[in-house]
Amino acid sequence: MPDLSNDYVTRVLATPSDVDARAWDALLANAGGSPFMRHAFLVAQHESGSAVRDTGWSPQFVTLWRDGELEAACPLYLKSHSYGEYVFDWAWANAYEQHGLRYYPKALTAVPFTPVPGPRLLARDAQARAALVRSVLTWCRQKKASSWHLLFGTDEDVAACSEAGMMLRHTVQFHWINARYADFDAFLASLTQEKRKKIRQERRKVAAAGVTFRHAQGAAITREDWDFFYRCYERTYLEHGNPPYLTRDFFHRMATAMPENWLLFIAERDGKRIASSLIAIADGVAYGRYWGALQRVDCLHFEACYYQPLAWCIANGFSRFEGGAQGEHKMARALMPVKTTSAHWLAHPAFADAVEQFLQREGRGIENYLEHLEARSPFRHEDP
């Protein structure tokens, strides 16, 4: 399917492993990098059975070539549901169904199960990125997909999609910024008295319950540690009535292919391990990703998933901690609201018009919501 205007040739590949790892990662580095868009991460999700056709994620990786060189590429999945995405379009799917139309399969450009902003359209330059968007839209029309959704993209991704006529949607996440705090107490001193007191109370509860923590990083995370983490992770999902998105084999592959990108906290009590949280790390940024517990302890989740990682970030000079999707409760732990953006194309003109009107209303609501959240900042107000 050549793009004659730019002499690109589009090839759609059936698995991420069909793409050359060095070429993919070179494009990723050019786009700013992200551990979750690394070739090894996406291949591990596929080869571990986590993001495959049987789980509703059929890979259709789109690549653009010119003179035998990979010029642009993006992950693309045909989805039979909307689980594991964190930008919710269930209402759109229901509206299609009520009108006797099929919403699934839909096309999705995202990192499965990973609501972390970062590059999605990997390209050598803006021209190649724009051509990639056109190629994906052409492919979606040919395959009669109901829609294409690009989630948590960069400003460059969003601009290319918007230029192609796609609709934009905004959501809110919560991120913590390291203001070069000397230590955790200095961080607490930047908060209001109410929030400072609350955090200290929560930490005291965990300590009074006899819980201590240790952490391991990279190759120092043993196979036994990984096995214990997965027991916790799996237990938490099953307690909520769902199997875990990611398999044990996925984490085995992470330990082998990307050990430098992982930091594990393990909680212990009475000589036994009771909980763990797994943090992704790269380029001075930490990402709160996975957690689980075998015992219930009041405030343990906050300690394992926020306070231990924040203290580690301060001690190791990391600039940012991203807490993931949703959760106003994160503001009480000094994670502040950040607007993230996705782009959407719907094939059906009438539904596209209706969704565009909805997104305009929703967008105004998001702006008001952000203003409301900012007014509730947990940080002390300095006198002018």
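In the predicted model, T236 is buried, with a relative accessible area of 15%, which places this residue under the 20% limit that defines burial. T236 belongs to helix α8, which spans residues 223-239. Leaving aside residues up to four places away in sequence, T236 is in contact with W291, G292 and A293. A polar atom of the T236 side chain lies 3.4 Å from the backbone nitrogen of A293, a separation within the 3.5 Å allowed for a polar contact.

The sheet on which α8 packs is open and consists of eleven strands, ordered β3-β6-β7-β9-β16-β10-β15-β14-β13-β12-β11, with mixed pairing. The edges are occupied by β3 (57-59) and β11 (211-217), each of which has a single partner strand, so that one side of each lacks a neighbour in the sheet. From one strand to the next, the twist averages 30 degrees. Within this sheet, β10 and β16 are paired in the antiparallel sense over nine bridges, and M167 stands opposite H344 of β16. Helix α8 touches β11, β12 (262-269), β13 (272-282) and β14 (285-293), and its direction makes about 100 degrees with that of β13.

Helix α5 (residues 155-163) contains the buried residues D157, V158, A160 and C161. Viewed down the helix axis, the buried residues of α5 fall within an arc of 165 degrees and therefore line one face of the helix. This arrangement may be set beside the general geometry of the α-helix: there are 3.6 residues a turn, so residues three or four places apart point the same way. The face of α5 turned away from the buried side carries D155 and E163, both of which are exposed. The cover over the buried residues of α5 includes α4, β9, β10 (167-177) and β16 (336-346). The helix is followed by G165, which has a positive phi near 95 degrees.

A further packing arrangement involves helix α7 (residues 193-208) and helix α10 (residues 300-316), whose axes are 9 Å apart and meet at an angle of about 115 degrees. The crossing of α7 and α10 is left-handed. On the α7 side, the contact is made by I199, E202, R203 and V206, and on the α10 side by L300, F302, E303, Y307 and Q308.

Several backbone features occur in loops. Y104 and P105 are joined by a cis peptide bond, with omega about 5 degrees; P105 is situated in the loop between α3 (90-98) and β7 (106-109). Positive phi values are also found in residues other than glycine. D67, in the loop between β4 (61-66) and β5 (69-74), has a positive phi of about 55 degrees. With a relative accessibility of 75%, D67 counts as exposed, because the threshold for exposure is set at over 50%. K144, in the loop between α4 (126-142) and β9 (147-150), likewise is not a glycine and has a positive phi near 60 degrees. K144 also counts as exposed, at 71% relative accessibility.

Technical notes: Residues numbered from 1 in each chain as written. Predicted model: local features only at pLDDT ≥ 70, side-chain atom pairs only at ≥ 80, totals over all residues. Heavy atoms only, no water. Helix = DSSP H or I, 4+ residues; strand = E, 2+ residues; numbered from the N terminus. Buried < 20%, exposed > 50% of the residue type's maximum accessible area, 1.4 Å probe, protein only. Polar contact = N/O pair within 3.5 Å; in protein donor to acceptor, adjacent residues only side chain to side chain. Contact = heavy atoms within 4.5 Å. Arc of directions from axis to C-beta. Pairing = 2+ DSSP bridges. Axes fitted to C-alpha atoms, helices over the stretch in contact; angles between N-to-C directions. Left-handed = near helix turned anticlockwise from the far one by under 90°.
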